[in-house]
Amino acid sequence: MIRSIVLLVISLLPGFLLARYLYNKDKEKEPMGLLIKLFCGGIIACLMVLIVSSILEILSISGGDTNEMSLTELAFEAFICIAFVEEFCKWIIVYKYSYNHVEFDEFYDMIIYSAFVSLGFACFENIFYVYEGGISTGIIRGVLAVPGHACDAIFMGYYLGLSKICDIEKNKIGKTRNIILSILIPMLLHGAYDYFLMSNSLLMFIAFVIFIILLYIFSIIKVKHVVSSDKKIINRDYHCHDCGNLVAGNYCTNCGKKKE
């Protein structure tokens, strides 16, 4: 009983600590109800991944012994079957429940939303790994896998935030480009993480260590940059002088007048 409690704590603690760290960076706190909903959405995303992964295995598209795979097969497994499937399932939840939410009024908000979905995913996934692998697995995943999910989410939220700004400013090309990047960049980061780990060579392990250090550094820099910029997505206090419409960007979406 005690061991089960210890394993559960080890499984969940890294995710909650990271969620608290990112939450505390937010100057205007998001509603806890929304964040809990997104965290639970991460669990739904994890279940979605389990279903898709099972289908891929049945179709013999994914799975198998990675030690027997060629570098090309290993790359397909890491970047497509694992990274793309996981990040896209998380992206669906983030986009559906937060992209058009009324509380999404600051650039940093989307990083928070993406992080809570990813950390919900990571915590739920972590329980299975830690209960099977034990305390040592929990410690290793608490230092690597869970923060890795959070870092992927930071970049997902960053590009979704840019996409929203472009959307408000009627920049369709910019919106589309950043929507694509909000899926592509996390997928590449996640895929590289898995590819280095699954390659089982000293050179790849060294590359993994360098990669994870750089990933953490650039993720922290990205968070600090967005927080310090304090960029508003929607100015709730500004209305168009001509038609009275709430202005969300540089131009009124109702009459087209530029914000003064």
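This report describes the pockets, the cavity and selected helices of a predicted model.

## The largest pocket

The largest pocket encloses a volume of about 970 Å³, and its lining is made up of 35 residues, among which I82, E86, E125, Y129 and R141 lie nearest the centre. Two or more residues of this lining come from each of the helices α2 (32-58), α3, α4 (107-133), α5 (135-143), α6 (145-168), α7 (172-198) and α8 (202-229). Of the contributing elements, α2 gives the most, with 7 residues.

When the lining of the largest pocket is divided by class, 19 residues are nonpolar, while 8 are polar and 8 are charged.

## Helix α3 and its bend

Helix α3 covers residues 71-98, and its 28 residues reach 38 Å from the first C-alpha to the last, which is close to the 40 Å expected at 1.5 Å a residue. The helix nevertheless bends, by about 35 degrees, at A83. Helix α3 is also one of the elements that give two or more residues to the lining of the largest pocket, and I82 and E86 are among the residues that lie nearest the centre of that pocket.

## The packing of α4 and α5

Two packed helices are described by the angle between their axes and the distance between the axes. For α4 and α5 the angle is about 145 degrees, and the axes are 6 Å apart. On the α4 side the contact is made by E125, N126, Y129, V130 and G133, and on the α5 side by I135, S136, T137, G138 and R141. By class, this contact of α4 with α5 comprises 3 nonpolar, 5 polar and 2 charged residues.

Three participants in the contact, namely E125 and Y129 of α4 and R141 of α5, also appear among the residues nearest the centre of the largest pocket.

## The second largest pocket

The second largest pocket holds about 200 Å³ of space, and the residues that line it are F16, A19, R20, Y23, M32, L35, I36, F39 and F116. Helices α1 (2-25) and α2 each supply at least two residues of this lining. The composition by class is 8 nonpolar residues, no polar residues and 1 charged residue.

## The cavity

The structure holds 1 cavity of 30 Å³ or more, and the volume of the largest cavity is about 80 Å³. The largest cavity is lined by K25, D26, K27, E106, F107, Y108, V226, V227, D230 and K231, with α4 and α8 each supplying at least two of the lining residues. In contrast to a purely nonpolar lining, the residues around this cavity divide into 4 nonpolar, no polar and 6 charged.

Terms used: Residues numbered from 1 in each chain as written. Predicted model: local features only at pLDDT ≥ 70, side-chain atom pairs only at ≥ 80, totals over all residues. Heavy atoms only, no water. Helix = DSSP H or I, 4+ residues; strand = E, 2+ residues; numbered from the N terminus. Expected span 1.5 Å × (residues − 1). Bend = angle between axes of the 7 residues up to and from the residue. 1 Å grid on protein atoms, 1.4 Å probe; cavity = no way out; pocket = protein on both sides within 12 Å on 5 of 7 lines; lining within 4 Å. Points joined across faces, edges and corners; volume = space filled by probe spheres on them. Nonpolar A, V, L, I, M, F, W, Y, C, P; charged D, E, K, R; others polar. Axes fitted to C-alpha atoms, helices over the stretch in contact; angles between N-to-C directions. Contact = heavy atoms within 4.5 Å.
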